[in-house]
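Trainee: Could you take a close look at one part of this model for me? I'd like to know what surrounds one particular side chain, and then how that spot fits into the rest of the chain.

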Amino acid sequence: MTEEERVTSVKEAAGRRAADLVETGTIVGLGTGSTVWFTLVRLAERIKTEGLEIVGVPTSMDTTTKATELGIPVVGLGEVEKIHLTIDGADEIDGEYQMIKGGGGALLREKVIASISEKEVIVVGPDKVVEKLGTTFLLPVEVTTFALPTVSRALEAFGCETVLRLSDPGVAMTTDNGNQILDCRFPNGIDDARELERAIAAIPGAVESGLFIDLAHAVVIGHEDGSAELRER
């Protein structure tokens, strides 16, 4: 098995297992990313073969497009007050179910969806489970374009290095919300994720951080043999 095949197997195992947690009549938050893709595929299969009745609330334009093409009904936030179950990925998750998210650039919408979800299930491979946040992945912070210089300086005062995320060489990535992303490297990881989230939220011009604190309720960990492990808080 090549490395690419291994990674795909892990993602497929996690994504499909999480989709099987969805019950008919559920409003489902649909996350963003390559692992959630397999959740979308499995949900579409269940709609066709089992008559599963759900409504999806996507966390990104990309997910909206994919879900629609697969035949999954989707609605916007204006049509729901709460979400029963959200399935999303993570770039890191620790033993207390605290996370770094936003590698796909959808952190703001993902956090909004998570905040009104009764249950948030995270789909990952074993490499995403870490002892300390910030040790394997950069922390994304969505920022208004006007405030990039001031937010960057404020973030670096916390002991990190900031890098503007690019979509192409020399071209800053733009999120679905029209903002940009600063990726933050903490040389020794993040010591107090809860406090850091609060501190970033207080910076004028910082729209949202990729720290997701107390939002995950369960994690599905895929393995290369095709199995998946469900852990719940």
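Mentor: Let's start with the contacts of R165. Leaving out residues up to four places away in sequence, R165 touches G102, G103, G104 and G105, along with P140, A172, M173, I181 and D183. Keep in mind as we go that this is a predicted model.

One of those neighbours deserves a second look. The R165 side chain comes to 3.1 Å from the backbone oxygen of G103, so follow that pair on your screen if you want to see where the arginine reaches.

Where does R165 sit in the fold? You'll find R165 in the loop between β8, residues 161–164, and β9, residues 166–168. Is R165 buried or exposed? R165 counts as buried, because its relative accessibility is 12% and the cut-off for buried is under 20%.

For a contrast, hop over to T145, another loop residue, found between β7 (139–143) and α5 (148–156). T145 has a relative accessible area of 42%, so T145 is partly exposed. Its contact list, again without residues up to four places away in sequence, holds G178 and Q180. If you want a sense of distance, pair T145 with G71: the two are 74 residues apart in sequence, and their C-alpha atoms are 36 Å apart in space.

Now for the open spaces. The largest pocket holds about 380 Å³ of space. Its lining draws two or more residues from each of α1 (3–19), α2 (34–50) and β6 (120–124). The biggest contribution is from α1, with 4 residues. Altogether 22 residues line this pocket, and S34, T35, A90, D91 and K128 are the ones nearest its centre. Sorted by class, the pocket lining has 9 polar, 7 charged and 6 nonpolar residues.

There's a closed space to look at as well. Searching the whole structure turns up 1 cavity of 30 Å³ or more, and the largest cavity has about 30 Å³ of space. What lines the largest cavity? Its walls are G31, T32, G33, W37, L40, D62, T63 and K66. Two elements, α2 and α3 (61–70), each give two or more residues to that lining, with the largest share, 3 residues, from α3. In terms of class, the cavity lining divides into 4 polar, 2 nonpolar and 2 charged residues. Notice that α2 turns up in the pocket lining and in the cavity lining too.

Zooming out to the whole chain, the secondary structure amounts to 6 helices and 15 strands. The C-alpha trace spans about 55 × 40 × 35 Å along its principal axes. A compact globule of 233 residues would have a radius of gyration near 17 Å, and the chain has 17 Å, so the two agree. Buried residues account for 48% of the 233 in the chain, and R165 is one that counts as buried. Finally, take the contacts between residues at least 6 apart in sequence: 75% of them join residues at least 24 apart. You can see that kind of link at R165 itself, in its contacts with G102 and G103.

Note on methods
Residues numbered from 1 in each chain as written. Predicted model: local features only at pLDDT ≥ 70, side-chain atom pairs only at ≥ 80, totals over all residues. Heavy atoms only, no water. Buried < 20%, exposed > 50% of the residue type's maximum accessible area, 1.4 Å probe, protein only. Polar contact = N/O pair within 3.5 Å; in protein donor to acceptor, adjacent residues only side chain to side chain. Contact = heavy atoms within 4.5 Å. 1 Å grid on protein atoms, 1.4 Å probe; cavity = no way out; pocket = protein on both sides within 12 Å on 5 of 7 lines; lining within 4 Å. Points joined across faces, edges and corners; volume = space filled by probe spheres on them. Nonpolar A, V, L, I, M, F, W, Y, C, P; charged D, E, K, R; others polar. Rg over C-alpha atoms; globule rule 2.2 N^0.38 Å.
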